[in-house]
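Dear colleague,

Please find below the structure for your consideration. My notes on it follow directly after.

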Amino acid sequence: MKGAEALILELNRIVYSSGIASPIGSKRGQNARIHYLDSKAGREALRAQGVSDRAMKSWFKGKSRPSRANLDRLDAAYWVRRRENLIRSGWLKRHLDNHGQGRRMEIYPVDQSAVPEPRSRSNISERSIVVRYVWEDLVDAWAAQDENMLDEIWDDIITDLDSDYAAYAYVGSVGISA
C-alpha cells in the first residue's frame with residue numbers, strides 16, 4: 001500500500017485504541033457510549049447513523065437498551081464523535097508532537113517473498129526513525145481526508161531515509177509509538 005494509506009490506518013488505530021475499552025455488546029460499553037453521545041452533537045451523530053429520536057429518548061432516560069441493529073449504529077456514532085472530538089480538542093496533535101520530541105515511527109517494507117528472485121529487493125529492511133514537526137499537518141490532512149497532502153507528508157518523512165527512500169514509497173505497514 002502507499003505510505004500515506006499506511007499512515008491513515010495507523011492514525012485510525014491510535015484513535016480506536018484511545019476510546020472506550022468495553023465492547024459494544026456489554027452493558028457497560030453500551031452505557032458508556034450512550035453517556036458519551038448525550039449531547040446535541042451526539043444526537044446528530046446518532047441520527048446520521050439512522051437511529052430514531054424515539055429510540056434515543058428511551059436510551060437517554062434509561063428505559064430501554066439498544067436493539068441488535070442499533071448496537072452497530074450506536075458504536076459507529078460513538079467513533080465518529082470520538083474522532084471529531086480528538087481532532088477538535090487538539091489532543092491527537094499534542095500527543096503525536098510529544099512537546100517537540102516527535103514520535104518514533106517504524107516502517108515495514110513490502111513483503112518480497114512472492115517476488116521472483118531477480119526482481120526481489122531482499123536488502124530492504126524495516127526502518128525506525130523519529131518523526132518531528134509534521135504531526136500538525138498530518139492530523140489536519142487526515143481529518144480533511146486530503147490524500148494528496150498525506151502523500152506529500154509521507155514523501156517528507158521518507159526523504160529522511162537518505163538514498164534508500166524510494167524503496168519505502170509503498171510499504172507493508174507503519175507503526176507509530178503513541
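Arg83 is found in helix 5 of this predicted model. With a relative accessible area of 22%, Arg83 counts as partly exposed, because the buried class ends under 20%. Leaving out residues up to four places away in sequence, Arg83 touches Val15, Trp142, Ala143 and Gln145. Arg83 and Ser18 are separated by 65 residues in sequence, while their C-alpha atoms lie 10.0 Å apart in space.

Helix 5 itself covers residues 68-89, which is 22 residues. At 1.5 Å a residue it should span 32 Å, and the C-alpha atoms at its ends are 32 Å apart, so the expected and modelled spans agree. Its buried residues are Asn70, Leu71, Leu74, Asp75, Ala77, Tyr78, Trp79, Arg81, Arg82, Asn85 and Leu86. The elements that cover these buried residues include helix 1 (3-17), helix 2 (27-36), helix 3 (40-48), helix 4 (53-60) and helix 6 (91-97). Just after helix 5, Gly90 adopts a positive phi of about 80 degrees.

One of these covering elements, helix 2, may be described further. The axes of helix 2 and helix 5 come within 10 Å and cross at roughly 50 degrees. Helix 2 is therefore oblique to helix 5. On the helix 2 side, the contact is made by Gln30, Arg33, Ile34 and Tyr36. Helix 5 contributes Leu71, Leu74, Asp75, Tyr78, Arg81, Arg82 and Asn85 to this contact. The crossing of the two helices is left-handed.

I turn next to the nonpolar cores. The largest has 31 residues, of which Met105, Ile107, Trp154 and Ile157 touch the most other members. At least two residues of this core come from each of helix 1, helix 6, strand 1 (103-109), strand 2 (127-131), helix 7 (135-144), helix 8 (147-159) and strand 3 (171-176). Helix 1 supplies the largest share, 6 residues. Apart from this core lies another, of 14 residues, whose members include Ile24, Met56, Leu71 and Tyr78. Leu71 and Tyr78 are also among the helix 5 residues in contact with helix 2.

Which residues does Trp154 contact, leaving aside its neighbours within four places in sequence? They are Gly3, Ala4, Leu7, Met105, Ile107, Tyr168, Ala169, Val171 and Val174. Met105 and Ile107 are themselves among the core residues that touch the most other members.

The pairing of helix 7 with helix 8 is the remaining topic. Their axes come within 8 Å and cross at roughly 155 degrees. Helix 7 is therefore roughly antiparallel to helix 8, since angles over 145 degrees fall in that class. The contact is formed by Asp137, Leu138, Ala141 and Trp142 of helix 7 together with Met149, Leu150 and Ile153 of helix 8. This crossing is left-handed. Trp142 also appears among the residues touched by Arg83.

Is Ile153, which lies in helix 8, buried or exposed? Ile153 is buried, as its relative accessible area is 4%. Not counting residues up to four places away in sequence, Ile153 touches Val134, Asp137, Leu138 and Ala141. Ile153 and Glu44 are 109 residues apart along the chain, and their C-alpha atoms are separated by 33 Å.

Yours sincerely

Conventions:
Residues are numbered from 1 along each chain as its sequence is written. This is a predicted model: local features need pLDDT of at least 70, side-chain atom pairs count only at pLDDT 80 or more; totals for chains, interfaces and linings use all residues. Side-chain values use heavy atoms; hydrogens and water are left out. Helices (H or I, at least four residues) and strands (E, at least two) are DSSP runs, numbered from the N terminus. The expected span of a helix is 1.5 Å times one less than its number of residues. Buried means under 20% relative accessible area, exposed over 50%, partly exposed in between (1.4 Å probe, protein chains only). Contact means heavy atoms within 4.5 Å. A nonpolar core is a set of buried Ala, Val, Leu, Ile, Met, Phe, Trp, Tyr and Cys residues joined through side-chain atoms within 4.5 Å. Axes are lines fitted to C-alpha atoms, for helices over the stretch in contact, and angles run from 0 to 180 degrees between N-to-C directions. Angles under 35 degrees count as roughly parallel, over 145 as roughly antiparallel, 65 to 115 as roughly perpendicular and the rest as oblique. A crossing is left-handed if the near helix is turned anticlockwise from the far one by less than a right angle, and right-handed if clockwise.
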